[in-house]
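User: Please take a close look at one part of this model, the place where the two chains meet. I would like a connected account of the pairs found there and of their surroundings.

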Amino acid sequence: MVAGAPVSLGEFLALPETEPASEYLCGEVVQKPMLDLPHSLVQSFLLTALSAFVRRARPGVCGAELRCVFGPPGQERAYLPDVCFISWSRLGRGDARASRPLRAAPELAVEVLSPDQPAGRLAETVQFYLRHGVRLVWVVDPDAETVTVLRPDADPRTHGVGDTLDGAGVLPGFTLPVAGIFAELQLPIPDDSSDRSG
Amino acid sequence: MTTRTDLTLEQFLTLPETEPASEYLCGEVVQKPMPTGLHGLIQMWIAWALLQFALRDELGMAAPEWRFVFGPPGEERAFVPDVGFVTTGRLPADLNATMRAAPDLAVEVLSPEQSASVLADKVQFYLLHGVRLVWLVDPKERSVRVFEPGRAAVLLGADDVLGGGDVLPGLTVPVRELFAVADHFQGGR
């Protein structure tokens, strides 16, 4: 959804949050698509997998729908990647409560597609990410069961369920089989015993 | 539709063409979405507008469904942009030969079935490997997104004018006109 009159970044950041959340790009306020169950399952799984790794190695922090404001001066945009990772060096030191909003590009940004995702807008988002500091982008497509990996200076690669993702130069040592992401979409058979106990 | 194969690029290039056309990337054969009447109309209109402009000053040639094979050695991919434009100096002597180079301008007209991840991958590959100008035409949004390597992407709406950049200097197409042809047959709005 695109709102009417152009607003400045400052005006946008002062607005109350919407549900689903809104992003800001060049005067435009764009509401993210309504999330569905597959999106939510994949997003939670990736946040959990990345957080588990990041908590052990402690290179920075992960977040879901973390608002990140970045871009060239005067042309900053406010994006909310579905999942992202930011290193301590980009976050700076001190109290996290002073970083509202976060004025830095994440190193890793993950976008999980919804069936009604406008393709042109996603291509624009990815190009903005890659040009302005995001070093690794994963576009996760729950319907195609693929993860497209994009980096600023490398050929894009689309991985299928036989492949394994890695943290490239951003999260060295991190690996994740693509099949595991989409296994999350198989809902478990309800267990009768838990119903009885409840 | 994506099919994983063990085909090499050269094997892929010997296959009979499919309808819709297929593209080749790293062992994968990806068939383009089935075009609709609206898609075809806008595609044809753009190809015609580019060709008409380019013919005046012998700037180059535009064609729909033209296959381009390009990329780093050993990692080439085969793409069929909805409209491709090549400047005169880079045109092959034989237009029946496979074009082993990037188009100067690639136009993709989006359809509702367009996969967002396939498109993001394609745009990044185009910009890394020699395409100097990319237009993503979105009939639903009535917008055009313009990408050039090393420059910020620009989103154009109905009141904006699409320019030819360094590829087609002097070309101007009001975005409104680009979609007016669709209104002509759909009763306008």
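Analyst: In this predicted model, a suitable starting point is the salt bridge between Arg121(A) and Glu141(B), whose closest N and O atoms are 3.6 Å apart. This pair crosses between chains: Arg121(A) belongs to helix 4 of chain A, while Glu141(B) sits in the loop between strand 9 (133–138) and strand 10 (143–147) of chain B. The two partners differ in their exposure. Arg121(A) has a relative accessible area of 12% and is buried, whereas Glu141(B), with a relative accessible area of 30%, is partly exposed. The cut-off that separates these classes is 20%, buried residues being under that value.

The pair belongs to a wider arrangement. A network of salt bridges links Arg77(A), Arg121(A), Glu124(A), Glu141(B) and Arg145(B). Over all chains, the structure holds 20 salt bridges, and three are counted between chain A and chain B. A further bridge joins Arg157(A) to Glu75(B), with the closest N and O atoms 2.4 Å apart.

Which elements of chain A face chain B? Those that give two or more residues to the side of chain A that touches chain B are helix 4 (119–131), strand 8 (136–141), strand 9 (146–151) and strand 10 (154–159) of chain A. Helix 4 of chain A, the element that carries Arg121(A), gives the most to this side, with 10 residues. Sorted by class, the side of chain A that touches chain B is made up of 12 nonpolar, eight polar and 11 charged residues.

The interface as a whole can be described by its contacts and its area. Contact is made by 31 residues of chain A with 29 residues of chain B. The size of an interface is often given as the accessible area lost when the parts come together. Here the area buried between chain A and chain B is about 2,100 Å², and carbon and sulfur atoms give 52% of that area. Between the two chains, 10 residue pairs are in polar contact, with both residues at pLDDT 80 or more.

The loop of chain B that holds Glu141(B) also takes part in a salt bridge within chain B. The side chains of Arg142(B) and Asp183(B) meet at 2.8 Å, N to O. This pair links distant parts of the chain, with Arg142(B) in the loop between strand 9 and strand 10 of chain B and Asp183(B) in helix 4 (residues 175–186) of chain B, 41 residues apart. Arg142(B) and Asp183(B) are both buried.

Another salt bridge within chain B, also 2.8 Å from N to O, brings together the side chains of Asp82(B) and Lys32(B). Asp82(B) is in the loop between strand 6 (77–79) and strand 7 (83–87) of chain B, and Lys32(B) is in the loop between strand 3 (28–31) and helix 2 (37–56) of chain B, so this pair ties together parts that are 50 residues apart in sequence. Both Asp82(B) and Lys32(B) are buried.

Chain B also contains a helix that is mostly covered. Helix 3 (residues 116–128) of chain B has 13 residues and reaches 19 Å from its first C-alpha to its last, close to the 18 Å expected at 1.5 Å a residue. Of the 13 residues in helix 3 of chain B, 11 are buried, among them Leu119(B), Asp121(B), Lys122(B), Phe125(B) and Tyr126(B). Gly130(B), which follows helix 3 of chain B, has a positive phi near 105°.

Chain A offers a further buried arginine for comparison. Arg67(A) lies in the loop between strand 3 (60–64) and strand 4 (68–70) of chain A and is buried, with a relative accessible area of 18%. A polar atom of the side chain of Arg67(A) lies 3.1 Å from the backbone oxygen of Ser22(A). Leaving aside residues up to four places away in sequence, Arg67(A) touches Phe12(A), Leu13(A), Glu17(A), Ser22(A), Ala78(A), Tyr79(A), Leu80(A) and Leu102(A). Glu65(A) is also placed in the loop between strand 3 and strand 4 of chain A. Glu65(A) is a residue other than glycine with a positive phi, near 55°, and counts as partly exposed at 26% relative accessibility.

Technical notes:
Residues numbered from 1 in each chain as written. Chains lettered and ligands numbered in written order. Predicted model: local features only at pLDDT ≥ 70, side-chain atom pairs only at ≥ 80, totals over all residues. Heavy atoms only, no water. Contact = heavy atoms within 4.5 Å. Buried area = accessible area lost by both parts, 1.4 Å probe. Salt bridge = Lys/Arg side-chain N within 4 Å of Asp/Glu carboxyl O. Polar contact = N/O pair within 3.5 Å; in protein donor to acceptor, adjacent residues only side chain to side chain. Helix = DSSP H or I, 4+ residues; strand = E, 2+ residues; numbered from the N terminus. Nonpolar A, V, L, I, M, F, W, Y, C, P; charged D, E, K, R; others polar. Expected span 1.5 Å × (residues − 1). Buried < 20%, exposed > 50% of the residue type's maximum accessible area, 1.4 Å probe, protein only.
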